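Work through the two exercises below with the model open beside you. Try each task before reading its solution.

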Amino acid sequence: MDDAHYVEHGFDGDVHVLRIANPPVNTLRTGVRAGLLNGIQRCVKEGARAIVLIGQGRLFSGGAEMTEFNKPRQPPSLPEVFEAIETSKIPIVAAIHGSALGGGLELALVCHARVATPTAMVGLPEVKRGFVPGAGGTQRLPRLIGPEAALKIIVSGEPVRADEAVKLGFIDAIIEGDLERGAIAWAREAAKSGRKFTLARDRSDKIEGADLAAFDGAAAALLKRSRGQESPKGCAAAVRAALTHSFTDGLLFERQQFQRLVEGEQSFALRHIFFGEREVARIPGMPEDTKPMPVKNAVVIGGGTMGGGIAMNFANAHIPVTIVEMTEDALARGLAKCDANWQRTVQGGKLSQAEYEKRRACLKGSTDWNVVREADIVIEAVFEDMGVKKEVFAKLDALARPGVVLASNTSTLDIDAIASATKRPELVCGMHFFSPANVMRLLEIVRGKASSHETIATAMDVGRRINKVNVVVGNCDGFVGNRMTGKRGPQLEKLLLEGALPADIDRVMETYGMAMGPCATGDLAGLDIGAAVRKARGTVAPIADALVAAGRFGQKTSKGWYLYDEKRARHADPEVERIIVDMAEKMQVRRRKIEDQEILERMLLPMVNEGARILEENIAARAIDIDVIFANGFGWPAWRGGPMFFADRMGLKNVRDKLAHYAETTNDPNLKPAALIEKLAAEGGSFSGNGTRKAA
Ligand code: NAI
């Protein structure tokens with residue numbers, strides 16, 4: 001396509017304007033790069049006094065075109081375009097609205113000045129895709145705002161608002177009103193006044209006089225949370241090069257980091273999740289013209305652990321929400337918990353008092369069910385008991401306006417059975433939040449057999465508005481995430497009997513990158529809950545059951561798989577080891593040393609196998625849906641890409657062989673390879689290549 005198509009040229013007197021026009025996010029694809037290069041030459045030829053560079057549509061630029069990463073690069077390269085901008089004799093002013101992210105901000109940094117609308121967001125999120133800014137961001141930003149401020153922005157990947165960026169010093173002015181007109185006037189004035197632009201053009205410099213030890217200390221503090229992830233380390237190293245290398249050498253160093261990381265496994269995994277989070281919004285089989293129903297307010301039934309958190313999501317998005325509780329006492333407790341949560345955030349400096357008050361004003365409580373009459377959507381989060389749920393849904397059906405969606409937050413119960421208590425089963429679905437509901441981004445939207453497309457579209461739209469990552473799943477016990485993690489249980493017990501200790505298993509999983517190993521997670525959730533579920537299902541877990549019988553319920557009793565001190569730090573407990581060893585003796589299992597790799601495989605492969613069955617049953621539409629669930633709701637590090645990605649990288653033939661091996665050696669029929677794994681292994685296929693499956 002003609003590059004003039006991607007970059008429009010215009011002018012207002014002697015100030016010329018280049019408008020990037022590559023909707024929806026103005027990525028710097030080949031046509032844009034060529035258009036910029038040609039556009040600058042044209043402005044020079046036509047005698048421009050200054051150039052304003054601006055984005056068309058809703059933002060300045062979202063950065064590099066990631067879909068071009070895996071293809072041979074077409075000229076001109078970004079550095080070539082940047083060279084032309086930076087060495088231009090005519091000042092070039094970036095005018096930013098919406099956002100300038102990644103390569104988009106790097107493009108703005110290369111300009112001679114930057115102006116922005118007050119609410120524009122600017123940042124370098126490359127670290128979150130597994131690499132480092134690769135077009136000078138790590139060298140220019142520290143030169144503009146100082147190494148430690150730049151380090152924070154680049155290692156976190158979090159964008160900052162333009163007014164904050166003005167204070168930090170990498171945006172020169174805020175433009176109120178029409179941005180293009182304001183930017184033209186600003187550029188004309190600046191050129192006329194002979195303003196000295198802050199150019200990072202002196203290529204021989206490094207940042208002088210910086211305190212390397214202080215920088216390293218700040219970097220170490222920032223890197224503490226990134227565990228095995230490589231890109232934050234790469235980012236810190238690249239910014240450090242601005243203190244030790246000349247500008248030219250710094251750029252080279254940054255480029256090396258970029259190349260190394262962008263081709264690495266972690267970046268591949270992070271991009272898999274990044275694109276996956278966009279893909280899951282497309283529901284196979286849902287007609288494209290399906291419209292969500294308008295939702296201006298919500299009612300949440302039950303203000304306990306989950307109901308309170310769910311309601312906070314709405315208030316946080318400034319959507320009026322009312323919690324309905326059984327008694328004034330329970331209601332007051334629920335609202336107080338929300339308040340305490342917000343107050344903690346205010347005290348931590350992450351929420352202003354004014355914003356807190358705005359949110360708090362959106363949250364109401366009531367013990368009068370008549371509020372349901374006004375609701376645009378109702379989400380139920382009462383006790384996990386089918387009798388109670390059916391009673392509540394019958395009542396909701398009688399009170400809610402016709403056409404209003406009734407959703408349940410149940411984590412295990414049958415959505416169809418719940419829907420059967422109403423005369424509107426087509427308007428019933430699951431909205432399965434994860435604890436803490438105001439923090440965890442995952443929302444499993446459960447499609448019942450009668451749920452209409454509009455109902456699902458409405459739940460998704462609401463989920464999106466309250467900042468969740470929605471994944472539509474089918475109706476089954478545990479849905480996707482809990483059903484898969486539940487399958488680790490038998491192998492966990494077997495590993496313990498055969499020779500591992502809780503700390504070994506958690507260490508292996510945490511080294512892999514999980515936020516928390518399965519034993520520590522069990523202690524946090526409460527071992528009594530798992531025991532109750534097993535009792536209801538008639539299954540056993542000899543060791544976990546023995547712990548519960550000994551009064552070890554987890555953190556709430558200060559002992560479970562571990563002993564907990566008053567700071568909730570966990571410690572290995574010889575008592576637990578004794579219970580395990582006794583049980584092994586009783587069951588005549590000979591204990592041995594188990595290698596870490598075996599622990600990892602026996603914890604992950606049962607989940608992979610169940611994931612395959614979930615795909616066979618069409619409970620999840622695509623393997624990526626499963627990976628997105630794990631990256632957003634189960635502490636699975638996004639840089640590992642999720643369980644199905646893990647299996648694909650291992651190779652499905654290998655996965656099949658290992659599953660078959662463990663099924664036999666551990667006498668666990670559940671590990672018999674799923675039919676889909678057998679099929680894909682035989683074909684040499686993969687989960688990700690298995691394509692979009694038919695609609696539910
Ligand atoms: P909870 O026991 O903390 O809260 C339940 C609340 O519902 C209580 O405050 C109770 O007073 C209220 N309630 C009960 N019957 C009611 C009625 N008829 N009308 C009005 N209010 C009523 O329970 P939690 O943990 O919040 O769980 C609620 C639901 O969320 C359950 O279905 C559970 O399976 C599900 N869930 C729980 C998760 C968790 O981690 N706790 C995670 C995801 C889902």
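Two exercises follow, one on salt bridges and one on burial.

This is a predicted model, in which local features need pLDDT of at least 70, side-chain atom pairs count only at pLDDT 80 or more, and totals for chains, interfaces and linings use all residues. Residues are numbered from 1 along each chain as its sequence is written, and side-chain values use heavy atoms, with hydrogens and water left out.

**Exercise 1.** Find which residue forms a salt bridge with Glu 610, and state where both partners lie.

Solution. Step 1: a salt bridge is a side-chain nitrogen of Lys or Arg within 4 Å of a carboxyl oxygen of Asp or Glu. Step 2: the partner of Glu 610 is Arg 483, with the closest N and O atoms 2.7 Å apart. Step 3: Glu 610 sits in helix H25 (residues 596-616) and Arg 483 in helix H18 (residues 481-486), so this pair links distant parts of the chain, 127 residues apart. Helices here are DSSP runs (H or I, at least four residues), numbered from the N terminus.

**Exercise 2.** Arg 483 also forms a salt bridge with Glu 617; decide for each of these two residues whether it is buried, partly exposed or exposed.

Solution. Step 1: buried means under 20% relative accessible area, exposed over 50%, and partly exposed in between (1.4 Å probe, protein chains only). Step 2: Arg 483 has 12% relative accessibility, so Arg 483 is buried. Step 3: Glu 617 has a relative accessible area of 45%, so Glu 617 is partly exposed. Step 4: in this salt bridge the closest N and O atoms are 3.0 Å apart.

Technical notes
Helix = DSSP H or I, 4+ residues; strand = E, 2+ residues; numbered from the N terminus.
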